[in-house]
Amino acid sequence: MRNYEKEILSEVCELVRIPSVSTDKENVHRALEYTLNLGKKIGFNVKYCADDSVGVIEWGSGNETLGILCHVDVVPVEPLAEWNTDPFEPKLIDGKLFGRGTLDDKGMVIACIYAMKAVADCGVTPHKKVQLIIGTQEEVKWNDIQKYVNECRTPDYGFTPDGEFPIQNIEKGIVDLALVAELNRHDDNEQYGGLHIVSLDAGVMNNSIPSDAKAVLSDGTVICAKGKTCHSSDPENGNNAIFILHDMLSEYDIVDNAFSDLLNMLTDNFRDYFGKNLDVYQEKETYNGFYVHRSTFVPTVIHTTGNRIEAVLDVRFAYGTRSSDIIDCITKKGNEIGFNTRVLEELPAVFVPENKPFLSLCAEAYERVTGLKNEFTMASGGSYAKAMADIVSWGPLFPGDIDTCHEPNEFIELDNLYKCFSVYKEAILQIVSTDKSLK
């Protein structure tokens, strides 16, 4: 491992310096190009796929393919003022590497490339092919990986280093819904002669808890709420500014209209992010004996544009729950206040049986490198594991680690970056060394 540490750190820093926010297509392509050039320089076969939105770094040969699914796009850095360092100039402080993408997912892209290199350098004769499949739109709508699945042969099994250790073979599904209303400003002004809300705005990403929310009142008063952002799959780690704004507005004598109806509905139904007031609330956290947690419901974005107001609700539904029931439930809630519902994204929950042979080798690699016991666990977040069969989430967070994905001051412990490299190297080595089928 020591032979690769310096190179891994250097390459992670170079990749983080490319500001590849998902919507910045030019820099996202730069990040993908940089990654493929690194793979080519090491000696691997590389190629662009899916209209150049996905890259593949490939090594080995055989009838079965191990897939490792990563991404080089990142979420926006806002609120920038909350960063203690430049998010796109990586900084090593007290053993932690700070920068956007260090944890999600650029650090793991580099760690996996060098894990492949370490195995190739061993001189082992591979009986399996290894493909590092690198996406560019993981943090937004998955046009990249969905096009790849439609056009290319997918791996037989594998993992995405975009979650937590130990093995996460169960993953919640995702439904993102937009609640939309068209406003008649003329009627609004005539009907609501008293003080009322004329604009609401909050959040920047569908999959992040909003740290800022703002309301403009009819007398020109601007009310700003400050919360704490985090990944929307773990709402307990944040403080939703939308609900804080609701509480601040309760101090004003406001006449109800579409804006206040929306804010009240969101707060009444989703401040408890398990949705206890909803028909689809789940009392049990298991399904057929497996721990699947509960579905969570999080308002993440509100935007007012002209006469249109739109609010986004990010739902992570537990395995065994029907997404159609959730869509029907939210649609009903929206209709009650005059809002229509539009499905923005719908991704399935994941369940990969624990007895899959490749998972046994992954478990052994994890235990051998870390000294920790492997378990099979559930992931709240959404990863590329949803895009292909027999893919699990696996790392980079170890038990007890702080999760700073999608947050200001994102970082990865340098020791953990190297430990991830070692775990993945060991797993790849064991998988490609056997001539037995691991399907």
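Modeller: A disulfide is a pair of cysteine sulfur atoms within 2.5 Å. Keep that cut-off in mind as we walk through this model, which is predicted.

Biologist: Happy to. How many disulfides does a search of the whole structure find?

Modeller: The search comes back with zero disulfides. Take Cys-13 as a worked case: the closest cysteine sulfur belongs to Cys-420 and is 16 Å away, so the distance is too far for a bond.

Biologist: And is Cys-13 buried or exposed?

Modeller: Burial is read from relative accessibility, and buried means under 20%. Cys-13 has 11%, so it counts as buried. Cys-420 has 0%, and therefore it is buried too. Cys-420 is in no disulfide either, with the nearest cysteine sulfur, in Cys-112, 8.3 Å away.

Biologist: Let's turn to the nonpolar cores. Which residues touch the most other members in the largest one?

Modeller: A core is a set of buried residues joined through side-chain atoms within 4.5 Å, and you can look for its best-connected members. Here the largest core has 66 residues, and those touching the most other members are Ile-8, Ile-68, Leu-132, Trp-394, Leu-417, Tyr-424 and Ile-428. Helix 10, residues 414-433, supplies the largest share of this core, with twelve residues. There is also another core lying apart from it, of 42 residues, including Leu-177, Leu-200, Leu-249 and Ile-326.

Biologist: Which residues does Leu-132 touch, leaving out those up to four places away in sequence?

Modeller: Its partners are Gly-55, Val-56, Ile-57, Ile-68, Cys-70, Val-109, Cys-112, Ile-113 and Met-116.

Biologist: Now the pockets. How much space lies in the largest pocket, and which residues lie nearest its centre?

Modeller: For a pocket, start with volume, then go to the lining. The largest pocket holds about 780 Å³ of space. Its lining has 47 residues, and nearest the centre are His-231, Ser-233, Arg-316, Gly-381 and Gly-382. Several strands give two or more residues to this lining, among them strand 10 (173-182) and strand 17 (308-317). The largest share, three residues, comes from strand 18. By class, the lining has 17 nonpolar, 16 polar and 14 charged residues.

Biologist: What is the volume of the second largest pocket, and which strand gives the most to its lining?

Modeller: The second largest pocket has a volume of about 240 Å³. Strand 12 gives the most to its lining, with three residues. In total 20 residues line this pocket, with Gly-203, Val-204, Pro-210, Ser-211 and Asp-212 nearest the centre. Their classes, across the whole lining, are nine nonpolar, seven polar and four charged.

Biologist: One last topic, the backbone. Where are the cis peptide bonds you would point out?

Modeller: Omega is the angle to check. The bond from Glu-78 to Pro-79 is cis, with omega near 0°, and Pro-79 sits in the loop between strand 3 (65-71) and strand 4 (91-93). The bond from Gly-395 to Pro-396 is also cis, with omega near 10°, and Pro-396 is in strand 22.

Biologist: And what is phi at Asp-52 and at Asn-409?

Modeller: Look here for positive values in residues other than glycine. Asp-52 has phi near 65°, in the loop between strand 1 (45-49) and strand 2 (54-60). Asn-409 has phi near 60°, in the loop between strand 22 and strand 23 (411-413). Asp-52 has 40% relative accessibility, so it counts as partly exposed, whereas Asn-409, at 16%, counts as buried.

How values were computed: Residues are numbered from 1 along each chain as its sequence is written. This is a predicted model: local features need pLDDT of at least 70, side-chain atom pairs count only at pLDDT 80 or more; totals for chains, interfaces and linings use all residues. Side-chain values use heavy atoms; hydrogens and water are left out. Buried means under 20% relative accessible area, exposed over 50%, partly exposed in between (1.4 Å probe, protein chains only). Helices (H or I, at least four residues) and strands (E, at least two) are DSSP runs, numbered from the N terminus. Contact means heavy atoms within 4.5 Å. On a 1 Å grid over the protein atoms alone, a cavity is a set of points where a 1.4 Å probe fits but cannot get out, and a pocket is an open set with protein on both sides within 12 Å along at least five of seven lines; lining residues have an atom within 4 Å of a point. Grid points are joined across faces, edges and corners, and a volume is the space filled by probe spheres set on the points. Ala, Val, Leu, Ile, Met, Phe, Trp, Tyr, Cys and Pro count as nonpolar, Asp, Glu, Lys and Arg as charged, and the others, Gly among them, as polar.
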